[in-house]
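Reader: Hi! I am in my first year and would love a close look at one part of this protein, the cysteines and how they are joined. Could you walk me through them, and then through the ring contacts and backbone angles?

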Amino acid sequence: MSHLLLTLALLALQACLCRGACVEVDSNTEAVEKKGFKLGCISCKKRGEVPASAFVDWYFKDPDNFTHVYRYKNKEANITDERFFERLVWNGSKNTNDLQDGSIFILNVTFNDTGRYRCIFSRTLMYPAYEFFTFPNKTIDMTVVAELTRGWASILSEVMMYVSLIGLQVWLVIEMIYCYRKISVAGEEALRESAPEYLAIASESKDNCAAVQVAE
């Protein structure tokens, strides 16, 4: 029964992997001057089996209002703000109109790019009897720095990762030594237990050989 449940679980996992999973991850927010930067924007459908189509609009907030800067629709990109001409590249879902990843990539970041960005999905869910429209959106506050800085949380996380790896390796070495000693002790005990039996068999064989010689 347990083997059957394990097999079913593996098949279910494989089916999920084959369909591909959508995971909503927050975008990074700290860009470096003169480098490229990905503005992440992911909006997963609640029901992956429902056919859908979508296009994505990006906005950049000036001091007071949001200005439309980019649209990706029908697998075509259109930059609508001259400040971003030849600097915005589509980095989202490929070869489909069912967009769930609406990320874009900014080339040659400048300090003027600092600010609030918003991406809006215009999604049409196509049910058998009707269509349903949704407009999920994400907001990212991007800052630009001269050099990339690392916070204490990032450094501590990396240190803890290496400590965990070293601890795991030490534990594996200890386990190997323990198992080796245990096998060695078991082997020595087996030899000690079998030695009297071997001697008894040898003695019996010797007596039999002597008896045969006497009989001759």
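Author: Happy to help; we start with the cysteines and then turn to the rings and the backbone.

This is a predicted model, in which local features need pLDDT of at least 70 and side-chain atom pairs count only at pLDDT 80 or more, while totals for chains, interfaces and linings use all residues. Residues are numbered from 1 along each chain as its sequence is written, and side-chain values use heavy atoms, with hydrogens and water left out.

A disulfide is a covalent bond between the sulfur atoms of two cysteines. Here the term is applied to a pair of cysteine sulfur atoms within 2.5 Å. The structure has two disulfides. Counted along the chain, the bonded cysteines follow the pattern 1-3, 2-4.

One disulfide connects Cys22 with Cys44, with an S to S distance of 1.9 Å. These cysteines come from distant parts of the chain, 22 residues apart: Cys22 sits in the loop between helix H1 (2-19) and strand S1 (30-32), and Cys44 in the loop between strand S2 (37-39) and strand S3 (52-61). Helices (H or I, at least four residues) and strands (E, at least two) are DSSP runs, numbered from the N terminus. Why is the disulfide of Cys22 and Cys44 called left-handed? The torsion about its S-S bond is about -85°, so it gets that label.

For accessibility, buried means under 20% relative accessible area, exposed over 50%, and partly exposed in between (1.4 Å probe, protein chains only). Cys22 has 32% relative accessibility, so it counts as partly exposed, whereas Cys44, at 11%, is buried.

The other link is between Cys41 and Cys119, with 1.6 Å from S to S. Its angle about the S-S bond is 50°, and the link is right-handed. Cys41 belongs to the loop between S2 and S3, while Cys119 is in strand S8 (residues 115-126), so this pair ties together parts that are 78 residues apart in sequence. Cys41 and Cys119 are both buried. Another cysteine to find in the picture is Cys179, which is partly exposed at a relative accessible area of 37%.

Now for the rings. Rings of Phe, Tyr and Trp (its six-membered ring) pair if their centres lie within 6.5 Å; planes under 30 degrees apart count as stacked, over 60 as edge-to-face and the rest as tilted. The count comes to six aromatic pairs. Among them is the edge-to-face pair of Phe84 and Tyr117, at 6.4 Å centre to centre with 75° between the planes. Phe84 is in the loop between S5 and S6 and Tyr117 in strand S8, so the pair ties together parts 33 residues apart in sequence. Phe84 is buried, with a relative accessible area of 2%, and Tyr117 is buried too, at 1%. Tyr127 and Tyr130 have ring centres 5.0 Å apart and planes at 20°, so that pair is stacked. Ring pairs also link Phe60, Phe84 and Tyr117 into a cluster.

Last comes the backbone. Most residues other than glycine have a negative phi. Lys75, however, has a positive phi near 65°, in the loop between strand S4 (66-73) and strand S5 (76-79). Asn95 also has a positive phi, about 55°; you can find Asn95 in the loop between strand S6 (88-90) and strand S7 (104-106). Asn95 is exposed, at 73% relative accessibility, while Lys75 is partly exposed, at 47%.
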